[in-house]
Amino acid sequence: MASRKKFSDLEIEKILNDFSEDDSFQDPDNNFSDDNDGENGASSCDDAADADEDDNVLEEDCTTEAADTNELWSNNVSKLHRFPFTGIEGLKKYIPGTGSSNDLRPIDVFLSFCNQDVFELIVEETNRYAHQMISKRALTRSSRMNRWKDTDTMEIKKFFGIVMFMGLVHFPRIEYYWKKDSIYFHPLIHNINMSYNRFTTLLRCWHFTDNEIPGMATDRLFKVQPLIDVIMKNVNEIYSPGEVVVVDETMIPFRGRLHFRQYNPSKSSRYGVKIYKLCTPTGFVCSFRIYCGQDPIIAGLDKSGSVVVSLGRDLLNEGRIFIIDNWYTSLPLANYLRKKRTDVCGTLRKNRKNLPQAVVNAKLKHGEIIARQANNITVLKWHDKRDVLMMSTFHDSEMIDTGKTDRQRNTVLKPTAVLDYNKWKQGIDVSDQMSTYYSPLRKSLIWYKKVAIELIFGSIVVNSQLLFNNITSQKLSLLQFTQELVRSLLDLPNELPNPTTPISNNIHFLEKIPRKEDNKIVRKRCTECYKGLKNTAGTSTASRKTKQVDTECKICEKAFCIPCFAATHTR
């Protein structure tokens, strides 16, 4: 490497003097002549367009950015006018039993959302998946799948009833519901004619789509999206929300392996599947969407703004109000919704682009407010215990009396935007809270079955209860409503026999197991003999040495020898 030449102080001074005497010297890389000031200083967008092949895209982006940046924010905050609400609120479709509100039952409302289309989808895909498992997997001799029988709508309704019951009555594990131990024995499970083996087999094969459809591997939601589509279609056909709707996200707890599993420390379930919801202020879920990391983005909006528009696409142009939190709120979204005759109100992050800096950087004392307005959009900051930054397309900076006083007995004033936001934003919180009251979710379920359980036994049950109370004069709590659903789905009487009463042999009795088609006798292991040998000698010995019998109890759906039947059915 060549060494750098070092100049002495005298040589440096001589070079500088030569430069100062030469008036014609110009830097070849920087032209500072007056003739080019206008051309070079006009716009940086033109230079970017000339330097890149995608000149149209860059020029459009730069123009938009410049327009947003130069937008004038006025400190003259005037009252904004709302778009008139032209939509329809309430029932859009007839529900059997609504002719007389006294005749309407909870099951009628629930089955209007989970209608025959839902059950046919579940029956078809569950049977299909079961046959795929039998044909493609090497099953052991004792596998439950060897005894698979196709399910039907009536059995799936009974399956739904048992799952709802498990949300009402919690036992440590699923198999404990079928135990005859005095701690766990529950007469309901032993009177519905569905064994533990059959229930777990249905739960294992519970499916909503065909796994063998070409191209499904690229769709992350193909396992559950058909179910979501048919249920949300029913929701939108039956009920239309009112003037105000709320958008937010919730989490379905899940810690297993999943490409789009999310972490949100602000939620009660920090790890799980993120769900976007659009609700009414009372908690009625109108739209339900899973975040899978592949959300489409609408031109001119960011990812969060695109979520709001996609959830409420069918509700635009009718003068509604969208209530959103600071993850969604932005100026482009507010402008987009106003073009669709829709208002928006929400909290705001201070690092959003093109906000009035006089508001964002203002240092306020307790109770003070500052606001700016432009293009029918108000941005305000109010200091309570901390700064609250908000954006609204139909509020001004008006402060009203809340009817409360502070410790110094001063009247407490709050902005109308804050009061309206707090009043309406509770819709998502109410929906999430009610969905968790009697949730049958269990840790062992795979992700798409958890989503299905949250949708059917969480959101749809809550929707049904809210709609039922709105239509009828009855005001059932969620517990009472769920109890009625379980009673209807399982076809239960109002009262069951006392669990302490003896089980009558007139109901439970031994009978011959039906023969095969070729008239061969069918023999099965005695259930109780097998349990006894398994506990003393192990599974392998029990499988070989257990007594084979040709008698069974139809009610229990288990094979018994005569001594074991007498021992288990006599109290």
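**Figure 1. Asparagine 317 in the loop between α10 and β7.** In this predicted model, asparagine 317 is found in the loop that joins helix α10 to strand β7. Its phi is positive, about 65°, although asparagine 317 is not a glycine. Most residues other than glycine have a negative phi. At 41% relative accessibility, asparagine 317 counts as partly exposed, because that class lies between the limits of 20% and 50%.

**Figure 2. Helices α10 and α11 side by side.** Helix α10 covers residues 303–311 and helix α11 covers residues 331–339. Their axes come within 9 Å and cross at roughly 25°. That makes α10 roughly parallel to α11, because angles under 35 degrees are placed in that class. The crossing of α10 past α11 is right-handed. On the α10 side, Gly305, Val308 and Val309 take part in the contact. On the α11 side, they meet Leu333, Tyr336 and Leu337.

**Figure 3. The buried residues of α11 and their cover.** Which residues of α11 are buried? They are Leu331, Leu333, Ala334, Tyr336, Leu337 and Arg338. The cover over these buried residues includes helix α10 and the strands β7 (321–324), β8 (343–347), β10 (377–383) and β11 (387–392). Arginine 341 follows α11, and its phi is positive, near 55°.

**Figure 4. Arginine 82 and its contacts.** Arginine 82 has its place in the loop between α4 (55–69) and β1 (90–91). With a relative accessible area of 26%, arginine 82 is partly exposed. Which residues does arginine 82 contact, leaving aside its neighbours within four places in sequence? They are Glu243, Gly319, Arg320, Ile321, Asp343 and Phe394. For isoleucine 321, the separation from arginine 82 is 239 residues in sequence, while the C-alpha to C-alpha separation in space is 9.1 Å.

**Figure 5. The hairpin of β9 and β10.** Strand β9 covers residues 369–374, and 5 of its 6 residues are buried, so β9 is largely enclosed by the rest of the structure. β9 pairs with β10 in the antiparallel sense over 6 bridges. In this pairing, alanine 374 of β9 stands opposite isoleucine 377 in β10. The hairpin has 2 residues between its strands. Asparagine 375 lies in this loop, and its phi is near 50°, a positive value in a residue other than glycine. Is asparagine 375 buried or exposed? At 51% relative accessibility, asparagine 375 counts as exposed, because the limit for that class is over 50%.

**Figure 6. The hairpin of β5 and β6.** Strand β5 (residues 271–279) and strand β6 pair in the antiparallel sense over 5 bridges. Isoleucine 275 of β5 stands opposite isoleucine 290 in β6. Strand β6, residues 285–290, is mostly covered, with 6 of its 6 residues buried. Between the two strands of the hairpin there are 5 residues. In this hairpin, glycine 283 takes a positive phi near 105°.

**Figure 7. Helices α7 and α8 packed together.** Helix α7 (residues 153–168) and helix α8 (residues 196–205) pack at an angle of about 100°, and their axes are 11 Å apart. That makes α7 roughly perpendicular to α8, because this class runs from 65 to 115 degrees. From α7, the contact is made by Glu155, Phe159, Ile162, Val163 and Met166. From α8, it is made by Arg198, Phe199, Leu202 and Leu203.

**Figure 8. The open sheet of β14, β17 and β18.** The 3 strands of this open sheet stand in the order β14-β17-β18, and the pairing is antiparallel. β14 (510–512) and β18 (558–559) stand at the edges, each with a single partner strand, so one side of each has no neighbour in the sheet. Strand β17, residues 551–553, pairs with β18 over 2 bridges. Cysteine 553 of β17 stands opposite lysine 558 in β18.

**Figure 9. The chain as a whole.** The chain has 19 helices and 18 strands. Of its 571 residues, 45% count as buried. Among the contacts with a separation of 6 or more, 63% join residues 24 or more positions apart. The chain exposes about 32300 Å², of which carbon and sulfur atoms supply 48%.

Definitions and conventions. Residues are numbered from 1 along each chain as its sequence is written. This is a predicted model: local features need pLDDT of at least 70, side-chain atom pairs count only at pLDDT 80 or more; totals for chains, interfaces and linings use all residues. Side-chain values use heavy atoms; hydrogens and water are left out. Two strands pair if DSSP finds at least two bridges between them. Helices (H or I, at least four residues) and strands (E, at least two) are DSSP runs, numbered from the N terminus. Buried means under 20% relative accessible area, exposed over 50%, partly exposed in between (1.4 Å probe, protein chains only). Contact means heavy atoms within 4.5 Å. Accessible areas come from the Shrake-Rupley method with a 1.4 Å probe; for residues, only the protein chains shown count as cover. Axes are lines fitted to C-alpha atoms, for helices over the stretch in contact, and angles run from 0 to 180 degrees between N-to-C directions. Angles under 35 degrees count as roughly parallel, over 145 as roughly antiparallel, 65 to 115 as roughly perpendicular and the rest as oblique. A crossing is left-handed if the near helix is turned anticlockwise from the far one by less than a right angle, and right-handed if clockwise.
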